[in-house]
Amino acid sequence: MNQQVILIYTEARTQIMIGNGKRIISWIFYGTVAGILLACFFYITELFFKIKLYTFLLNIDFLPLPDYIIFNEPLQFVLHIFIAIALIGCVDLLCVVFNHPYLLSLFINIIMSLTFFPLYYIAVSKPFQPPLTMPFFLWLIGHILFAILIGFFVNQMHKKNTADA
């Protein structure tokens, strides 16, 4: 019985959140800001450490797409922003059930950080060479900072949502 009540509450709450155009606009805004800041972090580390993490972040050369898409940096950047927006939305929706935006974001981003190794090995052009210790360490730091930022943004959305209710 309790599980049914929780499920009904969750479904109703999710419908309210998704149906709210302001919520989706918040996802787009905060996801775009978070995605840009992550890209900036990796761009700066690329300049200082000469490890091409920004290039790696945007790399999609392993996808079976035409070259004019694969090597189109603005399009790669937009795809990266879409992923950040989707991540904000997922963390926001998961917070309906598990009200821990920082922990949820950190958990998801640590898992995303571990995609570093499979993505490196399937990449056609390798932006850096082994050893992968330093690139992975910087990748992990970037994603932890990204997770904190996403947790903060989702927390802000929930505070604003509570104040509006």
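Reader: What lies 3.0 Å from the backbone nitrogen of Tyr54?

Author: A polar atom of the Glu46 side chain. A polar contact is a pair of N or O atoms within 3.5 Å; within protein, one must be able to donate a hydrogen and the other to accept it, and residues adjacent in sequence count only if both atoms are side-chain atoms. The 3.0 Å value is within 3.5 Å, so the distance test is met. The Glu46 side chain also reaches the backbone nitrogen of Thr55, at 3.1 Å.

This is a predicted model: local features need pLDDT of at least 70, side-chain atom pairs count only at pLDDT 80 or more, and totals for chains, interfaces and linings use all residues. Numbering starts from 1 along each chain as its sequence is written, and side-chain values use heavy atoms, with hydrogens and water left out.

Reader: Which residues does Glu46 touch, not counting those up to four places away in sequence?

Author: Ile51, Lys52, Leu53, Tyr54 and Thr55 (contact: heavy atoms within 4.5 Å). Glu46 itself lies in helix H2, residues 21–49 (a DSSP run of H or I, at least four residues).

Reader: Why does Glu46 have no salt bridge?

Author: A salt bridge needs a side-chain nitrogen of Lys or Arg within 4 Å of a carboxyl oxygen of Asp or Glu. The nearest side chain of opposite charge, Lys52, is 5.8 Å away, so the test fails. Yet Glu46 is buried (under 20% relative accessible area, 1.4 Å probe, protein chains only).

Reader: What makes Asp92 and Arg23 a salt bridge?

Author: Their side chains meet at 2.8 Å, N to O. That is within 4 Å, so the pair qualifies. Asp92 lies in helix H5 (residues 73–97) and Arg23 in H2, so the pair ties together parts 69 residues apart in sequence. Both residues are buried. The structure holds one salt bridge.

Reader: Why is Phe49 called partly exposed?

Author: Its relative accessible area is 43%. Exposed means over 50% and partly exposed lies between that and the buried limit, so Phe49 falls in the middle class. Phe49 sits in helix H2.

Reader: Which residues form the nonpolar patch?

Author: Tyr43, Ile44, Leu47, Phe48, Phe49, Met134 and Phe137, with about 750 Å² of accessible area together. Members need over 30% relative accessible area and no salt bridge, and nonpolar side chains are joined within 5 Å. Phe49, at 43%, is over 30%, so it passes the area test. H2 gives the most, five residues. H2 and helix H8 (133–164) each supply at least two.

Conventions
Lys and Arg count as positive and Asp and Glu as negative; His and the chain ends are not counted. Patches are made of residues with over 30% relative accessible area and no salt bridge: like charges are joined within 9 Å, nonpolar side chains (Val, Leu, Ile, Met, Phe, Trp, Tyr) within 5 Å. Accessible areas come from the Shrake-Rupley method with a 1.4 Å probe; for residues, only the protein chains shown count as cover.
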